[in-house]
Amino acid sequence: MAQSGSWGCFDEFNRIELPVLSVAAQQIAIVLAAKKERKTMFIFTDGDNVSLNPEFGLFITMNPGYAGRQELPENLKVNFRTVAMMVPDRMIIMRVKLASCGFLENIPLSRKFFTLYKLCEEQLSKQVHYDFGLRNILSVLRTLGAQKRANPTDSEDTTVMRVLRDMNLSKLVDEDEPLFLSLIEDLFPGIKLTTSTYKELQRGIANACAEYGYINHPGWNLKVVQFYETSLVRHGLMALGPTGAGKTSCIHTLMRAMTEMGKPHSHYYPCVKPTENVWLVLDGPVDAVWIENLNSVLDDNKTLTLANGDRITMAPNSKLLFEPDNVDNASPATDEFLFADMTDSCILLSWQVSRMGMVFISASSLPWPPILDGWLLTRPDAEGGVMRNLFHKIYGDLHGFVQVKLKAKMKILESIYIRQATDVMQGLLLDGTDEHSDQHLGRLFLFTLMWSLGAVLELEDRDKMEEFVLEHPSKLDWPKTRPGETIFEYMVGSNGQWTHWNEQVEEYIYPSDTVPDYSSILVPNVDNVRTGFLIDNIAKQSKAVSSTEQNLNSQVLLIGEQGTAKTVMVKGYTSKYNPEVQIFKSFNFSSASTPNMFQRIIESYVDKRVGTTYGPPGNRKMTVFIDDINMPVINEWGDQVTNEIVRQLMEYGGFYSLDKPGDYSTIVDIQMLAAMNHPGGGRNDVPPRLKRQFNIFNCTLPSNASMDKIFSVIAEGYFCSTRFKPQIVAIVPKLIVLTRRMWQLTKAKMLPTPAKFHYVFNLRDLSRIWQGILYI
């Protein structure tokens, strides 16, 4: 630059790391000192003698320090004159742009445009993804020009009102939509807008839904249309919304519909045909540092600058599509609205959000009935009709009661509850019976309710749920319980009758001639037999599909306090596997677990089958059990990166190669089981998008009767008459209740404090007491 006399603008200069900034400061100081001394030649830092053209100039543009930014060194600042940019007068920009597009009423229209955005900033809720700043304004103004030329017969007010509505409505959360529509109607009184029908697109959406087995729900369909409209004007798109709201299905449906319209679309893979449009989908959480590298790709430059200086231009037939469930941790924007009462980490917007077309897909876009109807399409018509009536009788009321009145041990969204209900029912219907009577189906449905909506409740909340369902006006065929029992202690037998779990419990015989290893003893009781049945009910569904199909509804996550035998129950279930058909592997996560470690572990378990497809050795199936799955550290952006790679394996069935970047390895015939402690109290939760891959069951502490039975079998089996004198044998039954009561009182009275934080007494402590006694 110094040699050529060029002017150079260094954008985002403070994103350079501090050591490099220090070197750059020295180089700039040498060049500017030579210019000040009016030299024609000067010696640069590398010792070269360089000619100097005094016309050259250096300019830096940057944002003040926040995530991923550095503070400029003083020796660099001193060489530049600092100019603070102020917020421009947006109304003048709007007026000039409107006039340049041919709007005769540009003065009143710019006033209405400016007023609407000012009111939106002030009155709408403060959402991270909202953008009513200059980039959004310019995007709207560009679209206004296109709409003016496309619809020359429409009035200018109608054109402006339609574009303002269509370009902002898609990103609003449910509670803000009525207020926004009220504001825009007040600014444009007397104008009633029509809705674009897009007949060809709707035909494509209907065909795609039929092909994929989706229900074309009106609220979800509207989001597909809004996504289509956004894709017409932006090359950077973001589908934002909670887990299970239908983001992925929305993207796939739109691409399938647009392909049918004669615009071939594909995703993920490099474009081979120049006539095909490619959407590169980046599925997962967004953090401030790596997303900053896409600044120049997402703005009008459409250029990716690599570390080696190469510049790759984005192809005109490609788009970038982000699919996170939140953007809470994206970098904040300083050119948009800031709020003094928010911390720096919570400042509203990100530069990237303002660069992208945003479609917010709320949970209300896809409530539980269409998800249920999509599953019922796979069932016989007669069975589907009975199930639909049963769900509509009580499911909605009970779901609302569970979400509002009861305290679940893990936060679960509406879509995850209904998906778990269909998965449990699917497993129950795989009992080998071709047809079930209506009464039998009704009881299976009630069992499904218990272990979907009630699956993550503790005992006291299960009692409240039981009271609610028994008093519900639907008056369904719940089991008739005896005093001291709950409906959760009953199952549906093969004959369609309610059966107590006690009838399924096998008697454990303690050997009189040998002493088994204490840790290997599993005394069957109602709790572990029931949990084993639920695991099998879900896990057996993986056997109902071929190796090439991906079964996403056969994964189980057990949650519960320490000592509730989660790991023992999983290993007890998997010990029944035939090793010739199915193998079992297990490992523990810790705070030091990383994505690479997990990927390497899984890759070590599988062999190459064909091409880039890998699977367990010997064409067998494999179950992988991850204990303490919530242990990996949560990074500074709030993301649990290790579990994101677990989700990728479960959802997409493979990994990107660590050795050959860009190569994708497909992993087949793997089923995941997992266990974790209750989240909260300093323990991590798992990401919502990982939760939805699992069927989740809470393992409660055994009842007093169950605990007494477990330890009486062990104690009376060990202290038998063949080993000990009758006086010792006679005293053992008294010790069983005594040790349990002592443990319960200790747990209730000796609570943990900051000075005694280790005072945590769980069922393992009671078990250790008996383990010690058995050494006698």
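A nonpolar core is a set of buried Ala, Val, Leu, Ile, Met, Phe, Trp, Tyr and Cys residues joined through side-chain atoms within 4.5 Å. The legends below start from that idea and concern a predicted model.

**Figure 1. The largest nonpolar core of the predicted model, with F598 and its contacts.** The largest nonpolar core has 92 residues, and those with the most contacts inside it are F445, F598, I626, I629 and M672. Helix α15, which covers residues 381-405, contributes the largest share of this core, namely nine residues. Apart from this core lies another one, of 43 residues, which includes L109, Y130, L164 and L193. When neighbours within four places in sequence are left aside, F598 is in contact with F587, F589, I626, I645, V646, L649, F655 and M672; of these partners, I626 and M672 are themselves listed with F598 among the residues that have the most contacts inside the core. In soluble globular proteins, nonpolar side chains tend to be buried together.

**Figure 2. The crossing of helices α4 and α7.** The axes of helix α4 (residues 106-123) and helix α7 (residues 177-187) come within 10 Å and cross at roughly 155°. Because angles over 145 degrees count as roughly antiparallel, α4 and α7 are roughly antiparallel to each other. The crossing of these two helices, α4 and α7, is right-handed. On the side of α4 the contact involves K112, T115, L116, L119, C120 and Q123, and these meet L179, F180, L183, I184 and L187 in α7. Sorted by character, the residues of the contact of α4 with α7 comprise eight nonpolar, two polar and one charged.

**Figure 3. The crossing of helices α19 and α20.** Helix α19 (residues 526-539) and helix α20 (residues 566-574) have axes that come within 10 Å and cross at roughly 55°. That angle makes α19 oblique to α20. In passing α20, helix α19 forms a right-handed crossing. The residues that make the contact are D527, N528, T531, G532, I535, D536 and A539 of α19, together with M569, V570 and Y573 of α20. The residues of this contact of α19 with α20 divide into five nonpolar, three polar and two charged.

**Figure 4. R482 and K475 in the loop between α18 and β12.** R482 has its place in the loop that runs between α18 (459-471) and β12 (490-492). With a relative accessible area of 52%, R482 is exposed, since exposed means over 50%. Leaving aside neighbours within four places in sequence, R482 is in contact with Y490 and H500. R482 and T564 are 82 residues apart along the chain, and their C-alpha atoms are separated by 26 Å. K475 also lies in the loop between α18 and β12, and K475 counts as exposed at 58% relative accessibility. Although K475 is not a glycine, it has a positive phi of about 50°. Most residues other than glycine have a negative phi.

**Figure 5. R38 in the loop between α1 and β2.** R38 is found in the loop between α1 (18-36) and β2 (41-43). R38 is not a glycine, and yet its phi is positive, at about 60°. At 75% relative accessibility, R38 counts as exposed.

**Figure 6. R379 in the loop between α14 and α15.** R379 lies in the loop between α14 (368-376) and α15, the latter being the helix that supplies the largest share of the core of 92 residues. At 17% relative accessibility, R379 counts as buried, because buried means under 20% relative accessible area. Not counting residues up to four places away in sequence, R379 touches Q426 and L429. R379 and N308 are 71 residues apart in sequence, and from C-alpha to C-alpha they are 56 Å apart in space.

**Figure 7. The protein chain from which the close-up views are taken.** The secondary structure of the protein chain comes to 26 helices and 22 strands. Along its principal axes, the C-alpha trace spans about 110 × 70 × 55 Å. Of the 776 residues in the protein chain, buried residues make up 49%. Among the contacts in the protein chain with a separation of 6 or more, residues 24 or more positions apart account for 71%.

Conventions:
Residues are numbered from 1 along each chain as its sequence is written. This is a predicted model: local features need pLDDT of at least 70, side-chain atom pairs count only at pLDDT 80 or more; totals for chains, interfaces and linings use all residues. Side-chain values use heavy atoms; hydrogens and water are left out. Axes are lines fitted to C-alpha atoms, for helices over the stretch in contact, and angles run from 0 to 180 degrees between N-to-C directions. Helices (H or I, at least four residues) and strands (E, at least two) are DSSP runs, numbered from the N terminus. Angles under 35 degrees count as roughly parallel, over 145 as roughly antiparallel, 65 to 115 as roughly perpendicular and the rest as oblique. A crossing is left-handed if the near helix is turned anticlockwise from the far one by less than a right angle, and right-handed if clockwise. Contact means heavy atoms within 4.5 Å. Ala, Val, Leu, Ile, Met, Phe, Trp, Tyr, Cys and Pro count as nonpolar, Asp, Glu, Lys and Arg as charged, and the others, Gly among them, as polar. Buried means under 20% relative accessible area, exposed over 50%, partly exposed in between (1.4 Å probe, protein chains only).
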